[in-house]
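Student: I have a model open in my viewer and would like to work through it with you. Could we go step by step?
Tutor: Happy to; here it is.

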Amino acid sequence: MKETPISNIMDNTLSKLRDMVDVSTIIGEPVVNGSVTLIPVSKISYGFGSGGTDLPTKQPNELFGGGGGGGVSITPVAFIVIENGKCRMMQINNYTSSADRAIAMIPELVDKVTELLKSDKKEEVAEEQA
């Protein structure tokens with residue numbers, strides 16, 4: 001594929017956006033305060049655009065005009081709270097959809113299922129000993 005000035009602009013723009021956003025931006029560094037660990041969770045929105053044109057000319061060098069740009073928006077949305085071996089999510093925003101509510105309930109659901117399985121094992125052991 002022939003390298004053109006517009007492909008250089010697009011590559012440069014995407015490279016800069018990649019540099020600004022990585023996984024640690026979405027799931028932040030844990031903050032430990034006593035027995036509680038908080039992990040920030042953010043939503044990232046980004047966009048970019050670029051364009052250009054080659055103008056015909058009688059000169060040996062072609063004329064090129066173009067540009068590119070992009071932007072990133074980072075919004076904190078929740079904290080994952082780990083306390084006494086239990087994990088839960090505390091959302092900052094109101095729920096915008098049923099899917100958001102379901103996703104936020106997953107850590108709590110996992111804790112409840114784990115507790116249920118532990119109590120079933122304790123009952124089985126008690127019955128075997130009786």
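**Strands, hairpins and a bent helix**

Student: Let's start with one residue: in which strand is Ser42 found?
Tutor: Bear in mind that this is a predicted model. Residues 36-55 form a strand, and Ser42 is found in this one, E2.

Student: Is Ser42 buried or exposed, and why?
Tutor: Among the residues in contact with Ser42, leaving aside neighbours within four places in sequence, are Thr25, Ile26 and Val77. Buried means under 20% relative accessible area. Ser42 has a relative accessibility of 15%, so the residue counts as buried.

Student: In what order do the strands of the open sheet come?
Tutor: Let's build the sheet from its pairs. E1 (residues 31-33) is joined to E2 by 3 bridges, E2 pairs with E3 (residues 63-83) over 20 bridges, and 6 bridges join E3 to E4. The pairing is antiparallel, and the 4 strands form an open sheet in the order E1-E2-E3-E4.

Student: Which strands stand at the edges, and why is one side of each left without a neighbour?
Tutor: The open sheet has the order E1-E2-E3-E4. One side is left without a neighbour in the sheet because each edge strand has a single partner strand; the two at the edges are E1 and E4.

Student: By how much are neighbouring strands of this sheet turned against each other on average?
Tutor: Here the direction of the strands is ignored. On average, neighbouring strands of this sheet are turned against each other by 25°.

Student: Which residue stands opposite Lys86 in E4?
Tutor: We can follow one residue of E3 to both of its partners. Val36 stands opposite Glu83 in E3. On the E4 side, the residue opposite Lys86 is again Glu83.

Student: Which residue in the turn of the E3 and E4 hairpin has a positive phi?
Tutor: The hairpin of E1 and E2 offers a parallel case: there are 2 residues between the strands, and Gly34 takes a positive phi near 65°. E3 and E4 also have 2 residues between them, and a positive phi of about 55° belongs to Asn84.

Student: Which strand gives the largest share of the largest nonpolar core?
Tutor: This core has 5 residues in all: Ile39, Val41, Val77, Ala78 and Ile80. E2 and E3 each supply at least two of them. The largest share, 3 residues, comes from E3.

Student: Which residues of E4 does Ile80 touch, if I look at Cys87, Arg88 and Met89?
Tutor: Not counting residues up to four places away in sequence, Ile80 touches Thr37, Leu38, Ile39 and Val41. Strand E4 covers 86-91, and the contacts you ask about are there too: Ile80 touches Cys87, Arg88 and Met89.

Student: At what angle to E3 does helix H1 run?
Tutor: H1 spans residues 5-20 and lies across both E2 and E3. Relative to E3, the helix runs at about 15°.

Student: Where does helix H3 bend, and which proline follows?
Tutor: H3 (residues 98-129) has 32 residues and reaches 45 Å, close to the 46 Å expected. There is still a bend of about 40° at Ile106, and the proline that follows within four residues is Pro107.

Student: Which strand do the buried residues of H3 pack against?
Tutor: Ala104, Pro107 and Asp111 are buried in H3. The buried residues of this helix pack against strand E4.

Technical notes:
Residues numbered from 1 in each chain as written. Predicted model: local features only at pLDDT ≥ 70, side-chain atom pairs only at ≥ 80, totals over all residues. Heavy atoms only, no water. Buried < 20%, exposed > 50% of the residue type's maximum accessible area, 1.4 Å probe, protein only. Contact = heavy atoms within 4.5 Å. Expected span 1.5 Å × (residues − 1). Bend = angle between axes of the 7 residues up to and from the residue. Pairing = 2+ DSSP bridges. Axes fitted to C-alpha atoms, helices over the stretch in contact; angles between N-to-C directions. Core = buried A, V, L, I, M, F, W, Y, C linked by side-chain atoms within 4.5 Å.
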